[in-house]
Amino acid sequence: MAAGRLPLSALTLRQFLRRQQVLQLYRKILRAIRDVPAEADRHYLKDWAREEFRRNKDATDEDAIRMMITQGNMQLQELQRTLKLAKS
């Protein structure tokens with residue numbers, strides 16, 4: 001590879017930032033799942049999250065990715081609200 005050239009597989013800045021958003025969402029979901037009291041429920045939710053992210057890992061359409069991030073954030077907020085209600 002010549003000096004100063006990027007490999008063909010290099011991400012654009014927009015793709016890199018979107019990837020960071022997806023990884024951040026994934027981490028937040030896994031952290032929230034840690035607070036689920038029942039071990040079986042934790043296991044189920046962790047498997048569900050992993051499968052959802054794996055299933056969509058090859059998505060390339062910018063609008064679809066943005067929509068999935070929005071849906072993921074809404075599901076995370078719902079999980080956090082449910083856990084908060086369960087604790088009170």
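Start by selecting Asp63 and Arg66. They sit three residues apart in helix H3, so about one helical turn separates them. This is a predicted model, so treat every stop on the tour as part of a prediction.

**Stop 1: a pair along helix H3**

Keep Asp63 and Arg66 on screen and show their side chains. The two form a salt bridge, with the closest N and O atoms 2.8 Å apart. Side chains of opposite charge can pair when their charged atoms come close. Now turn on the surface. Are these residues buried or exposed? Asp63 is partly exposed, because its relative accessibility is 49%, between the 20% and 50% cut-offs. Arg66 is partly exposed as well, at 38% relative accessible area.

**Stop 2: a pair along helix H2**

Move to helix H2, which covers residues 39-55. Select Arg50 and Asp47. Both belong to helix H2, three residues apart, or about one turn of the helix. Their side chains meet in a salt bridge, at 4.0 Å from N to O. Arg50 is partly exposed, with 32% relative accessible area. Asp47 is partly exposed too, at 36% relative accessibility.

Stay in this helix and pick Ala40. Ala40 is exposed, because its relative accessibility of 59% is over the 50% cut-off. Draw a distance line from Ala40 to Leu76, C-alpha to C-alpha. It should read 19 Å, for two residues 36 places apart along the chain.

**Stop 3: a bridge between helices**

How many salt bridges does the structure hold? There are five. Select one of them, Glu62 with Arg18, whose closest N and O atoms are 2.7 Å apart. This pair links distant parts of the chain: Glu62 is in helix H3, Arg18 is in helix H1, and their positions lie 44 residues apart. Check Arg18 against the surface. Arg18 counts as buried, because its relative accessibility is 16%, under the 20% cut-off.

Next, select Ile65, also in helix H3. Ile65 is buried, at 14% relative accessibility. What does Ile65 contact, leaving aside neighbours within four places in sequence? The answer is Arg18, Val22, Ala59 and Thr60. So Arg18 turns up twice at this stop: as a contact of Ile65 and as the salt-bridge partner of Glu62. Add a distance line from Ile65 to Ala10. Their C-alpha atoms are 18 Å apart in space, and the residues are 55 apart in sequence.

**Stop 4: the largest nonpolar core**

Hide the surface. Select Leu25, Ile29, Ala32, Ile33, Val36, Ala49, Leu76, Leu79 and Leu83. These nine residues make up the largest nonpolar core. Which elements give two or more residues to this core? They are helix H1 (13-34) and helix H3 (62-87). H1 supplies the largest share, four residues. In soluble globular proteins, nonpolar side chains tend to be buried together.

Zoom in on Ile29, a member of the core. Setting aside neighbours within four places in sequence, Ile29 touches Ala49, Phe53, Gly72 and Leu76. Of these contacts, Ala49 and Leu76 are also listed in the core.

**Stop 5: a nonpolar patch on the surface**

Bring the surface back. Select Leu11, Leu13, Phe16 and Leu17, which make a nonpolar surface patch of about 410 Å². Pick out Phe16, found in helix H1. Phe16 is partly exposed, with 40% relative accessible area.

Then choose Arg19, another residue of helix H1. Arg19 counts as partly exposed, at 45% relative accessibility. Draw a line from Arg19 to Val36. The C-alpha atoms are 27 Å apart, and the residues are 17 apart in sequence.

**Stop 6: the end of helix H3**

Select Lys87, in helix H3. Is Lys87 buried or exposed? Lys87 is exposed, because its relative accessibility is 64%, over the 50% cut-off. Now join Lys87 to Leu13 with a distance line. The C-alpha atoms are 41 Å apart, for residues 74 places apart along the chain.

**Last stop: the annotated domain**

Colour residues 20-78. An unreviewed UniProt entry places the feature "domain: Complex 1 LYR protein" there. How much of this span is helix? The figure is 83%, with 0% strand. Its end C-alpha atoms lie 22 Å apart.

How values were computed. Residues are numbered from 1 along each chain as its sequence is written. This is a predicted model: local features need pLDDT of at least 70, side-chain atom pairs count only at pLDDT 80 or more; totals for chains, interfaces and linings use all residues. Side-chain values use heavy atoms; hydrogens and water are left out. A nonpolar core is a set of buried Ala, Val, Leu, Ile, Met, Phe, Trp, Tyr and Cys residues joined through side-chain atoms within 4.5 Å. Buried means under 20% relative accessible area, exposed over 50%, partly exposed in between (1.4 Å probe, protein chains only). Contact means heavy atoms within 4.5 Å. UniProt positions are given in the numbering used here, feature names are shortened, and annotations may be inferred rather than shown by experiment. Patches are made of residues with over 30% relative accessible area and no salt bridge: like charges are joined within 9 Å, nonpolar side chains (Val, Leu, Ile, Met, Phe, Trp, Tyr) within 5 Å. Accessible areas come from the Shrake-Rupley method with a 1.4 Å probe; for residues, only the protein chains shown count as cover.
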